[in-house]
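Colleague: I have a first-year student with me, and we would like to take a close look at one part of this model. Could you begin with a single contact between strands and work outward from there?

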Amino acid sequence: MKRKILPVIVALILIVLIGGIWLGGKLIERYSYSNERADLDAYYQVSGEQAAIILQDEMVEEKAIIRNGVCYFDLATVHKYFNEIFYADRTENLLLYTTALETFRSVIGESGYASDSDSGDYGYAISFTENDVVYIAADYVKKFTNLSYYIYDRHVQVYTEWGSRQMAEVTRDTSVRERGGIKSPILCDLSQGDRVEVLEEMETWSKVKTEDSVIGYVENKRLSDQTEEQETPVTDYTAPEYTSVSLDRKVSLGWHSIGGTAGNDTLESMVEGTIGMNVIAPTWFSMIDNEGNFRSFASADYVQRAHNMGLQVWGVLDNFNYRNETGAEVDEYQVLSVTSKRQRLVQGITDTAVSLGLDGINIDFEQLGVDCETHYVQFLRELSVLCRANGLVLSVDNYVPFNFNDHYRLDVQGQVVDYVIIMGYDEHWHGSGDPGSVASIDYVSNGIAKTLEEVPPEKVVNALPFYTILWRTEGAEVTDEYITIRNMEDFLSRVNVTPEWNEETCQYYAEWTEGAATYQIWIEDEESIRVKLNVMSAQQIAGVAVWRLGYGTTGVWELINAYVNS
C-alpha cells in the first residue's frame with residue numbers, strides 16, 4: 001500500500017514545486033524592475049542631425065538641427081515660439097532683423113552680419129537654406145531674443161520664461177522611465193544625490209526633469225527633500241523700446257482727395273468750414289510699378305500753406321489709385337517681398353516727406369492678399385525706423401478687423417506705428433449689391449472694441465464716413481450711388497420723403513418706391529455722427545478721421561470739434 005501511495009506523493013510534491021517555481025517566476029516577472037532601455041531616437045522622434053526641442057518643460061513637435069556643434073532652428077519654429085521679427089528674403093537671399101532703430105542684415109549661408117551701429121562674424125553660417133527651409137543659428141536668435149538654450153544628446157533645452165521650480169534629491173540609484181511603472185523602458189539612470197525638477201507628483205510616481213533635461217518618471221520613494229528654487233533668468237537681453245511720435249491732443253484728421261497737381265489749389269476751399277481739424281492728409285502718393293516707385297502730386301507750397309493754418313500734413317501713400325486710373329500692373333507682393341524694391345519704396349517716401357517738410361506719412365494699402373502678410377509687416381517695420389529717426393508721424397489705415405483681414409496684423413502695428421486708423425465704414429459698400437448701412441453703430445463700436453484688443457487706445461483713431469449710399473433695387477438688379485452729408489438735406493427734399501430714426505443702426509432710415517424700383521437709404525448726418533462720437537469718447541481712443549473733406553457740414557464739424565476738445 002505504501003509503495004502505491006509514495007509515487008503519488010512524489011508527483012504531488014513535484015507539481016507543487018513546479019507550480020511554485022512557475023508562480024514565483026510570474027511574481028518576479030510582475031514585480032521586478034525592467035532593464036529594457038528605451039530607443040532614444042524613437043523616443044525623441046529624431047534621426048541624423050535632428051534634435052528634439054524641450055521648450056520649458058514640454059517637448060514640442062518641431063525639431064532643431066545640430067550641425068558641427070551649432071544648434072539651428074527653422075524659421076517657422078523661431079516665429080512660432082521665440083521671435084517673429086526675423087525676416088527671410090528668399091529672392092535676394094537675405095536674413096533681416098528690424099529693431100526699433102535699425103535693420104540687421106546677413107546673407108543666408110554666410111557668417112557675418114551688419115547694421116548701422118553693429119557688425120560681427122560668428123565663424124559659422126548664421127543661417128542656411130535646406131530643402132527650401134531657412135534655418136537660423138540659435139546664438140543669432142538669442143542675440144535678439146529673451147531666451148537661453150542648452151544642447152544635450154538628441155535634444156535641446158530652451159527657456160523663454162523663468163520662475164520657481166520644485167526640486168528634489170534622489171535618495172538611491174534609480175532610473176528615469178518613459179512612463180510611470182517599473183516595466184516602462186529606461187530613458188536614463190540617476191545616482192544617489194542627483195537632483196531633479198518635479199514637474200508633476202502622482203500617487204507613487206512623479207514626472208521629473210533631470211539636470212540634462214530628460215523628462216520621464218521616477219518612483220516617489222526614490223525622492224526626498226523637495227524644495228522650491230528660483231530659476232535664473234537671462235540677463236544679457238534688453239527689450240527694444242518703440243518710441244512714438246504723437247500729437248499732444250486728440251487727432252482730428254481730414255483726408256483731402258487729390259487726383260492731380262491742380263488739386264493742391266483746393267486746399268483753402270476744403271479747409272473752409274472745418275472746425276477742430278488739426279491734421280490734413282492729401283492723397284498725393286501712389287505706387288506705379290513693381291519696382292518700388294511711386295507717383296507724387298505733392299507740393300511744398302501746399303505744406304507751408306497748411307502749416308500756416310495750424311494743420312499738420314500727413315501725406316498719403318496708397319497702392320490703388322494709380323492702378324485704378326491707368327490700369328497699370330501694380331503688384332504689391334512683387335514690391336514688398338523683395339528687399340531692394342521694398343527699401344526703395346521706404347527710403348523714397350521718407351526722403352520725399354522730409355524734403356517737403358511733411359509732419360507724417362499715412363499708409364493706405366487696401367485689398368492686400370494673405371501672402372503679403374510677412375512682407376507688409378516688414379515694410380511697416382522698416383518704414384517706422386526711418387519715420388522715428390526723422391520725427392515723422394506714421395499712421396496706417398485699416399479695415400474694421402475681421403478674421404479675413406487679420407493678416408494686416410494690428411498687433412504689430414500697435415507696437416511699431418504711431419496711429420492705427422480704423423476705416424469705420426463700408427459695412428455695405430458701393431457695388432456690393434447688398435443694401436444696408438455704410439456704418440451702423442454696432443459695426444463701428446465692435447470695430448473699435450476689436451482693435452483695442454490689440455492696439456493701445458492712445459494709438460487708435462476711428463474714421464467716420466461723410467457720405468452714405470442710396471440703394472435702388474428693381475427685380476434682381478441692385479444699383480447704388482453715393483450721397484454726401486453735405487447734400488443729404490437737399491436730396492431728401494427733392495425726393496419728398498421723411499426718414500425715421502432706426503434704433504438698431506442709430507441712423508435715420510427711409511424707404512420708398514418709384515415704379516418698379518425700391519429705394520433704401522441709411523442716412524449719415526449730425527445725429528448718426530453724434531452717436532458714433534459718443535462711443536469713441538467712451539472708449540477713450542486717440543481721435544477721429546473723416547472721409548472726406550468737402551463732404552461735411554458745419555454742424556458735423558462742430559460735433560467733431562466738441563469731441564476733440566472734450
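Modeller: Let us start at E500, whose bridge partner in β32 is Y509. This is a predicted model, in which local features need pLDDT of at least 70 and side-chain atom pairs count only at pLDDT 80 or more, while totals for chains, interfaces and linings use all residues. Residues are numbered from 1 along each chain as its sequence is written, and side-chain values use heavy atoms, with hydrogens and water left out.

Strands here are DSSP runs of E with at least two residues, and helices are runs of H or I with at least four, numbered from the N terminus; two strands pair if DSSP finds at least two bridges between them. Strand β31 and strand β32 (residues 507–514) run antiparallel and are joined by three bridges, and a further partner in β32 is Q507, which is matched with N502. Four residues lie between the two strands of this hairpin, where C506 takes a positive phi near 55°.

Moving on from β32, we reach β33, which runs antiparallel to β32 and is joined to it by seven bridges. T513 stands opposite T518 in β33, and this hairpin has two residues between its strands, with G515 taking a positive phi near 65°.

These strands belong to an open sheet of five, in the order β30-β29-β33-β32-β31, with antiparallel pairing. At its edges are β30 (477–484) and β31 (500–502), each of which pairs on one side only. From one strand to the next, the twist averages 30°. Helix α13 packs on the sheet, touching β29 (467–474), β30, β32 and β33 (517–523), and its direction makes about 120° with that of β30. For such angles, which run from 0 to 180 degrees between N-to-C directions, axes are lines fitted to C-alpha atoms, for helices over the stretch in contact, and contact means heavy atoms within 4.5 Å.

From α13 we can step to helix α15 (residues 554–564), whose buried residues are G555, V556, W557, L559, I560, Y563 and V564. Buried means under 20% relative accessible area, exposed over 50%, and partly exposed in between, with a 1.4 Å probe and protein chains only. What covers these residues of α15 includes α13 (485–495), along with β20 (251–256), α14 (526–539) and β34 (543–547).

Strand β30 leads us elsewhere, to the largest pocket, since β30 is one of the elements that give two or more residues to its lining, with α7 (321–326) and β26 (393–399). On a 1 Å grid over the protein atoms alone, a pocket is an open set of points with protein on both sides within 12 Å along at least five of seven lines, a cavity is a set where a 1.4 Å probe fits but cannot get out, and lining residues have an atom within 4 Å of a point. Grid points are joined across faces, edges and corners, and a volume is the space filled by probe spheres set on the points. The largest pocket has a volume of about 1200 Å³, and of the 38 residues that line it, E366, Y399, M423, Y425 and D426 lie nearest its centre. Helix α7 supplies the largest share of this lining, four residues. Sorted by class, the pocket lining has 17 nonpolar, 11 polar and 10 charged residues, where Ala, Val, Leu, Ile, Met, Phe, Trp, Tyr, Cys and Pro count as nonpolar, Asp, Glu, Lys and Arg as charged, and the others, Gly among them, as polar.

As for enclosed space, there is one cavity of 30 Å³ or more, and the volume of the largest cavity is about 70 Å³. Its lining has 14 residues, of which T243, S384, R388, V416 and D418 lie nearest the centre. Helices α10 (373–390) and α11 (410–416) are the elements that give two or more residues to this lining, and α10 gives the most, with three. By class, the cavity lining has seven nonpolar, four polar and three charged residues.

A last antiparallel pair is worth setting beside the hairpins: four bridges join strand β14 (residues 174–177) to β15, and V176 stands opposite C188 in β15. Four of the five residues of β15 (residues 186–190) are buried, so this strand is largely enclosed by the rest of the structure.
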